[in-house]
Amino acid sequence: MSALFEIKNLRKSFGENLVLDDVSIDFPAQSATVIIGASGSGKSTLMRCMNLLEELNDGQINLDGIDISAYGTDIDSVRGQIGSVFQAFNLFPHLTVVDNITLAPRLVHGVKKDVADKNARALLQRFGLADKADEFPNLLSGGQQQRVAIIRAVATNPKLLLLDEVTSALDPVLIAEVLTLISELKREGMTMVIATHEMGFAKKIADSVVFLHKGRVHESGTPDAIFGSPKTQELKDFLSALHQAGRL
Amino acid sequence: MTYQPSALQLQREAAKRRASRRSTLIALSSTLAVGFLLVLVITGAQGYEMVKNSFFNWHYAKQAMPSVFHGLLLNLRVLIIAEFFVLLLGLLIAIARTTTSPVLYPVRLVATIYTDLFRGLPLLLVLLLVGLGIPGLRISWIPNSAVVLGTVALVLTYSAYVAEVIRAGIEGVNPTQRQAARALGLTQSQTLEHVVLPQAFRNVTPPLLNDLVSLQKDSGLISVLGAVDAIRAAGIQTAQSFNFTPYLVAGALFVLLTIPLTRFTDWLTRKQDARQRAQGQW
């Protein structure tokens with residue numbers, strides 16, 4: 001039985017600059033995989049490759065047993081099955097919170113407006129944002145905006161959720177509310193890939209941790225193994241740098 | 001160990017090449033089909049022979065070429081001078097309209113009235129008013145050459161358009177940029193010169209060039225004042241032969257004149273798009 005999402009021998013270069021070199025990772029269903037690594041280690045590029053925003057130079061990506069990296073894949077349909085949230089919230093400023101959430105269900109998945117509206121409001125209710133449903137995004141705090149962005153990403157019932165540095169632009173109090181939301185989604189069984197610098201959160205939520213260094217999977221394993229007994233010098237250096245910066 | 005593409009990758013690249021070849025083939029055949037259809041419709045029209053003789057006559061085209069081309073040189077001179085003054089005046093008006101100081105209220109008022117007036121007035125009307133009205137005042141030091149007055153009319157109208165484009169650019173610069181510059185101790189005018197205007201111009205280059213392309217062809221309108229530009233020269237030829245080909249020659253020359261600038265605009269727009277994509281996350 002293969003994993004829900006598989007990356008096999010992924011290679012990506014920008015011109016001469018080799019960014020990802022022979023990266024292979026399995027993402028089992030309902031698991032949370034946390035990707036850590038310094039800036040420039042290839043984290044963001046890896047995340048971008050996962051929903052085909054970057055063209056691969058070699059290797060293969062499978063979603064639910066289907067090769068989505070094959071030439072001629074319907075990229076829009078793949079993205080419809082993968083929810084993505086990024087550091088910049090990118091809510092649509094001209095739409096209310098509810099309309100932000102229902103846009104993709106209505107346009108991409110053909111859900112009727114009243115049904116989509118009801119689902120969106122139910123989601124907002126569950127995550128404590130019911131009173132913001134008819135506000136415009138600019139009236140929300142950063143944490144609220146990012147939570148809406150995450151709700152928008154899961155409103156289409158994706159098979160996989162990609163979270164790339166979703167808390168990097170937020171202050172600690174707001175980070176907490178976003179992380180709570182993510183933990184709840186995890187409990188409900190959402191499969192997710194998380195790139196983050198929040199190591200405390202990574203320890204708590206991760207089923208496995210992947211340490212990326214110079215475009216390669218340098219070390220990977222359970223959170224206990226990675227944070228408790230790092231094997232390679234590079235990982236030790238990375239963790240001690242985080243420790244010094246007060247992030248661990 | 002050097003990198004060897006996997007069989008999978010080679011397969012994927014081959015599929016990509018095949019698809020690209022197929023796209024080229026489809027583009028080619030659809031272009032041919034459309035072209036063939038057009039030729040069929042036009043040559044099959046009842047008046048085709050007549051139109052061909054009076055608009056596409058090679059003999060008259062050759063005959064008209066030298067004088068029309070000579071006229072075009074006048075257009076070229078006019079538009080180079082007009083473009084310079086349009087940009088200058090447009091910039092000044094745009095800056096005037098974006099000032100906030102209460103002392104400068106009259107300046108803002110005048111600038112606003114100016115843009116409202118000259119954007120609203122048809123260019124032809126401005127040309128006639130300036131070209132025939134000003135000489136009528138009989139003020140001795142004002143030149144009454146059709147070329148000079150025509151250029152003035154073009155500048156008056158187009159600087160109103162250009163001012164609005166530049167103003168949109170200035171207002172489009174994020175206010176935090178202005179605040180950041182002021183926080184560093186730059187004065188209001190230093191901020192404008194070194195921080196705001198460079199970004200403003202970058203944002204509005206495509207619409208700005210679009211206005212300049214439009215000015216290039218509208219320089220032909222000075223012919224209504226009697227200046228012997230390309231269109232006037234063509235008109236003179238036509239009056240002698242009763243054949244309209246010279247107009248077509250002038251039209252072709254105008255198109256040739258504007259093509260370099262339009263291509264440049266396209267290129268610049270593409271370059272900016274690429275940069276914005278590179279900046280934007282996802």
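**Figure 1. The interface of chain A and chain B in the predicted model.** Chain A and chain B bury about 1300 Å² between them. Of that area, 53% lies on carbon and sulfur atoms. Three residues of chain A, namely Arg11(A), Asp58(A) and Tyr71(A), supply 42% of the area that chain A buries against chain B. No other three residues supply more. The contact draws on 19 residues from chain A and twelve residues from chain B.

**Figure 2. Polar links across the interface of chain A and chain B.** The rule finds one salt bridge across this interface. The partners are the side chains of Lys16(B) and Glu55(A), with N to O at 2.5 Å. Residue pairs in polar contact number six across the interface, with both residues at pLDDT 80 or more. On the side of chain A that touches chain B, helix H1 (43–50) and S4 of chain A are the elements that give two or more residues. S4(A) gives the most, with three residues.

**Figure 3. The open sheet of chain A.** Four strands line up in the order S2-S1-S4-S5, and the pairing is antiparallel. Strand S2 (17–27) and S5 of chain A each have a single partner strand and stand at the edges, so one side of each has no neighbour in the sheet. Strand S1 (residues 5–14) of chain A pairs with S4(A) over five bridges, in the antiparallel sense. One of the residue pairs here joins Lys8(A) to its bridge partner in S4(A), Gln60(A).

**Figure 4. Strand S4 (residues 58–63) of chain A and its surroundings.** Six of the six residues of S4(A) are buried, so the strand is largely enclosed by the rest of the structure. Buried here means under 20% relative accessible area. In a regular strand, side chains alternate between the two faces of the sheet. Which residues of S4(A) cover each side? Asp58(A), Gln60(A) and Asn62(A) lie on one side, and Gly59(A), Ile61(A) and Leu63(A) on the other. Both faces are covered, and all of these residues are buried.

**Figure 5. The hairpin of S4(A) and S5(A).** S4(A) and strand S5 (residues 66–67) of chain A pair in the antiparallel sense over two bridges. Leu63(A) has Ile66(A) in S5(A) as its bridge partner. Two residues stand between the strands of the hairpin. In the turn, Asp64(A) has a positive phi of about 55°.

**Figure 6. Phe227(A) in helix H8 (residues 223–228) of chain A.** Is Phe227(A) buried or exposed? Its relative accessibility is 13%, so Phe227(A) counts as buried. Phe227(A) and Lys203(A) are 24 residues apart in sequence. In space they are 7.7 Å apart, C-alpha to C-alpha.

**Figure 7. Annotated regions of chain B.** An unreviewed UniProt entry carries the annotation "domain: ABC transmembrane type-1" over residues 72–265 of chain B. Across residues 72–265 of chain B, the chain is 81% helix and 0% strand. The end C-alpha atoms of this stretch are 22 Å apart. The unreviewed UniProt entry also annotates "transmembrane region" over residues 25–48, 68–96, 117–135, 141–161 and 242–261 of chain B. Residues 68–96 of chain B are 100% helix and 0% strand, with end C-alpha atoms 41 Å apart. Residues 242–261 of chain B are 85% helix and 0% strand, with end C-alpha atoms 33 Å apart.

Note on methods. Residues numbered from 1 in each chain as written. Chains lettered and ligands numbered in written order. Predicted model: local features only at pLDDT ≥ 70, side-chain atom pairs only at ≥ 80, totals over all residues. Heavy atoms only, no water. Buried < 20%, exposed > 50% of the residue type's maximum accessible area, 1.4 Å probe, protein only. Pairing = 2+ DSSP bridges. UniProt positions renumbered as here; feature names shortened; annotations may be inferred. Contact = heavy atoms within 4.5 Å. Buried area = accessible area lost by both parts, 1.4 Å probe. Salt bridge = Lys/Arg side-chain N within 4 Å of Asp/Glu carboxyl O. Polar contact = N/O pair within 3.5 Å; in protein donor to acceptor, adjacent residues only side chain to side chain.
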